[in-house]
Amino acid sequence: MQVSFSNGRYTLPEYPFRVPPELSGPQRAHPVVIVGAGLAGLTAACALAQLGVPAVVLDEDNTVGVRGLSSRGVCYARKSLEIFDRLGIYRRMLGKGVRWSVGRTFDGDEQIYEFDLASDSNASRQPPFINLQQFYVEAFLIQRATELGSVDFRWCSKVVKGEPGASCVKLSIETPAGAYSLLADWVIDCSGVGRVLAEALCIGRLGTRSDDRWCIADVLFDEDLPVERHTWVSAKFNDGRAVWRHALADKVWRLDYQLDPNATAGDAAHEDAIRERLRCQFGRDVACRIVWTGAWSYRSECLKNFRQGRVLFAGDCAHTMSPFGGRGGNSGIQDADNLAWKLAWVIAGKADASLLDTYSEERRTAALENIRIAERTGRFLRPENAAQRIYRDATLALARHHPFARSLVNTGRMSQPSTYRDSRLNVGRGGGRSIPNLPLTLPDGREGDVVQLMKWAQGDLVVLVDAESADLIALEARFPVRIVASARLGSARAALAANCGWQAGHLIILRPDLYCAGTFECGDVAELEHALRSLTCT
Amino acid sequence: MTDHTPDDWYEELMDAHRGLSDAQSQRLDAALVLLLANQIADPRALRGCLQAASAAVLRQERQ
C-alpha cells in the first residue's frame, strides 16, 4: 500500500482493521507493544523486527501522516538516514526524496548568510539531508515492517489506559469492534503529544511555551527554484516576518510563514492569504495548487524520565521542541534506534534491565540539548524582550559587512547527532560519540560500510582489535559481541581514529546504533571483559 | 608624539554616543559588544567579563 499522487492530489493508504484475537478471549502477553505508528514508533518496530523481536503496533487511525496531508516533519538528517539504511528504507528515501546541503538566509532581499553542509567532510555514505513529506517516510517504514514479517499492526486502536504491573503492563484499548485489554512485557509509548500513559503515570515534565505562531503551506508549483533551504529572517512578502522554504517530493514546496501573533490563525493560513504571499514573492500570479495549509505553534517539553518500569517513552511523547533545525522527528527516530538494541538484549537475557535506564539518560541528554538549541532559534526569530531584539538587530546589521556576524544569524541550527558525554556506557576514550557511516571492508571481504558491519553483527557490539586472539574470541560466547581484526578496515581506520581518538595498539568498541562505546589499549582481556560487563549491566 | 591612554579611548567611546537617542545608544553598544567579543574570542575571558559586568552594575542597583 502506497502513497499515490496524481493530478496534484495525494491519496494516503488506508490500512485494514482486523478484529483483534483478544476479543475472542484472553491471550498471552506480548514481548513488546508500541503505542503510535509515527516516526519513532515505526522506527522502533522495524529495528526490533530486524533484531528478531516481534512487536505489536497500535495506532488510533488507519493511515500515515498526523494531520491528513500535511508534510509535517520534512528534513531527515544524516544520522536518521544512516538508521534508515540499516533498516532497509534508505534506497526508497533516496528515490523519492530531495537531497540538499546548501542553505541561504535572507534579510529582506539581501542574502546575509549561507552554509553548505556537504563541505563538512564527514565521509558518510549518507548525505547531510534528504527532504521528504512525513507521510512518505511513514509509509516506507510500514512497508518495510511488513516485509520483515514480525510486526503486528493494529489500526483504529486507541489506548485509553495503561496499568503497569510487576511483570507486565495491561493496556486498555478501544476499537470499532469493541474494547479489550492487551498485556505487554514492555511498552514503548510513541503516542506523540497525546501522552496518554505519561499523564497516567504522573511523570513530571519541564516545559515552556512561546506565543510564536506559524503556518505551513505545502504548495505544488512549477517554478524553477534551486534545491536549497532558503530562510528569511524578515521577508517583504510576509510583512517583515520570517519565512522558510524547502523542496519536497513531487515538485511540492514546503513554505512556513511566521504569523502575526495577533492575527486569526484561520485567516492567516487560508489559501487566499497563501496565494497573496506567493504573488508578493514572485511579483506575479504563480500557477500553483495548495496541497495543504494549517497553523502551528510550539512548546518545549521534556519528561523527567524516559523510563518508568516496563514503559519507555520515545519521540514527541518524551520531548517536544520548536521545529527549527529539524530536531523533533530526527530525535524521535534516534530515540528508537538507541532503545531497540538495548531492549532486544534485555528480552534475550543478554543484559540486565537496568541497561534501559541508559536509554533514558542518553536520550534525555540529547533531548535537552536539542531543546536548548531550538529555543535559541526561537528567541532569535521572536525576541522575548528588548535586549534580545536589540542584539538580534545588531547581529543583522553587522552581518552585512562582517563575516563573523553572519554565522550568528540564527534561523535554525540543523540537527546533528548528540554526544552522550556522561553516559554510563562510555567505557573508554571517544565513548558516546556518534560514528558516521564510513566505507570499509567487511569481515567477509566485501566492500561495505559501518552500517553493513553493524547489520552483519545482528545487534551485537563490534570490537575492532589488532589481533583476534583465542582469549578474545572466547568472549563471543559469553557476551553479545563480535571480535574483528581491524586490519580489514582499510581507509576507515584513519577516519575512525580522527573521529574517536582511536590510537594504534588500541581496540575500539562500536555499538549497534553507530556510536562508539570507547577505545582503550589492547593489552588485557580482563579489561575488555570488564567493559562488556558495564555495557550489559551484568 | 602622544601616548594613547585609557582616557583617550574612554573619550572616543563617549564621543561616539554624543547626540544619540537612548535607543541609538543601545544599538551602538550591542553592535560594539558583538564586535569586541569576536575580537577577544576566548570564551573563558568573555564569561569573566560578563560576570564582572553583572556583579558590578547589577549588584549596585540592588543596594
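The following questions and answers walk through some features of this predicted model.

Me: How many helices and strands are there in chain B, and in what order do its elements run?
Reply: Counting the elements of chain B gives three helices and zero strands. Read from the N terminus on, these elements run α-α-α.

Me: Is chain B more spread out or more compact than the globule rule gives for 63 residues?
Reply: For 63 residues the globule rule gives 11 Å, whereas the radius of gyration of chain B is 14 Å, which is well over that figure. The C-alpha atoms of chain B fill a box of roughly 40 × 30 × 25 Å along the principal axes. Because the radius is well over the value from the rule, chain B is more spread out than a compact globule.

Me: What share of the 63 residues of chain B counts as buried?
Reply: Chain B exposes about 5500 Å², and carbon and sulfur atoms supply 55% of that area. A residue counts as buried when its relative accessible area is under 20%. By that cut-off, the buried share of the 63 residues of chain B is 8%.

Me: How far apart do the centres of the positive and negative side chains of chain B lie?
Reply: Chain B carries 6 positive and 10 negative side chains, and each of the two sets has its own centre. The distance between these two centres is 15 Å.

Me: What span should helix α1 of chain B have, and how far apart are its end C-alpha atoms?
Reply: Helix α1 of chain B covers residues 6-17, and at 1.5 Å a residue its twelve residues should span 16 Å. Just after this helix, B:G19 takes a positive phi of about 80°. The end C-alpha atoms of the helix agree with the expected span, as they are 17 Å apart.

Me: How many of the twelve residues of α1(A) are buried?
Reply: Helix α1 of chain A, residues 39-50, reaches 17 Å from its first C-alpha to its last, close to the 16 Å expected at 1.5 Å a residue. Its buried residues include A:L39, A:L42, A:C46 and A:L48, and the helix is followed by A:G52, whose phi is positive, near 85°. The helix is largely enclosed by the rest of the structure because the number of its residues that are buried is eleven.

Me: How many of the 27 residues of α9(A) are buried?
Reply: Helix α9 of chain A, residues 355-381, reaches 40 Å between its first and last C-alpha, close to the 39 Å expected at 1.5 Å a residue. This helix is mostly covered, and the number of its residues that are buried is 19.

Me: Is A:R86 buried or exposed?
Reply: A:R86 has its place in helix α2 (residues 78-87) of chain A. Leaving aside neighbours within four places in sequence, A:R86 is in contact with several residues, among them A:A47, A:Q50, A:D337 and A:D513. Its relative accessible area is 8%, and a value under 20% counts as buried, so A:R86 is buried.

Me: Which residue of chain B does A:T395 touch?
Reply: A:T395 lies in helix α10 (residues 386-399) of chain A, and at 5% relative accessibility it counts as buried. Not counting residues up to four places away in sequence, A:T395 touches A:F380, A:A405, A:L408 and A:V409 in chain A, and in chain B it touches B:L34.

Me: How far apart are the C-alpha atoms of A:E527 and A:V427?
Reply: A:E527 has its place in helix α15 (residues 525-536) of chain A, where it is partly exposed, with a relative accessible area of 39%. Leaving aside neighbours within four places in sequence, A:E527 is in contact with A:F520 and A:E521. A:V427 is 100 residues apart from A:E527 along the chain, and the separation of their C-alpha atoms is 9.9 Å.

Me: What phi does A:N7 have?
Reply: Most residues other than glycine have a negative phi. A:N7 is found in the loop between β1 (4-6) and β2 (9-11) of chain A, and it is exposed, with a relative accessible area of 67%. Although A:N7 is not a glycine, its phi is positive, at about 50°.

Me: Where in chain A is A:R72 found?
Reply: A:R72 has a positive phi of about 50° although it is not a glycine. At 34% relative accessibility, A:R72 counts as partly exposed. Its place in chain A is the loop between β4 (55-58) and β5 (75-77).

Terms used: Residues numbered from 1 in each chain as written. Chains lettered and ligands numbered in written order. Predicted model: local features only at pLDDT ≥ 70, side-chain atom pairs only at ≥ 80, totals over all residues. Heavy atoms only, no water. Helix = DSSP H or I, 4+ residues; strand = E, 2+ residues; numbered from the N terminus. Expected span 1.5 Å × (residues − 1). Rg over C-alpha atoms; globule rule 2.2 N^0.38 Å. Buried < 20%, exposed > 50% of the residue type's maximum accessible area, 1.4 Å probe, protein only. Areas by Shrake-Rupley, 256 points an atom, 1.4 Å probe, with all protein chains shown as cover. Lys, Arg positive; Asp, Glu negative; His and termini not counted. Charge placed at Lys NZ, Arg CZ, Asp CG, Glu CD. Contact = heavy atoms within 4.5 Å.
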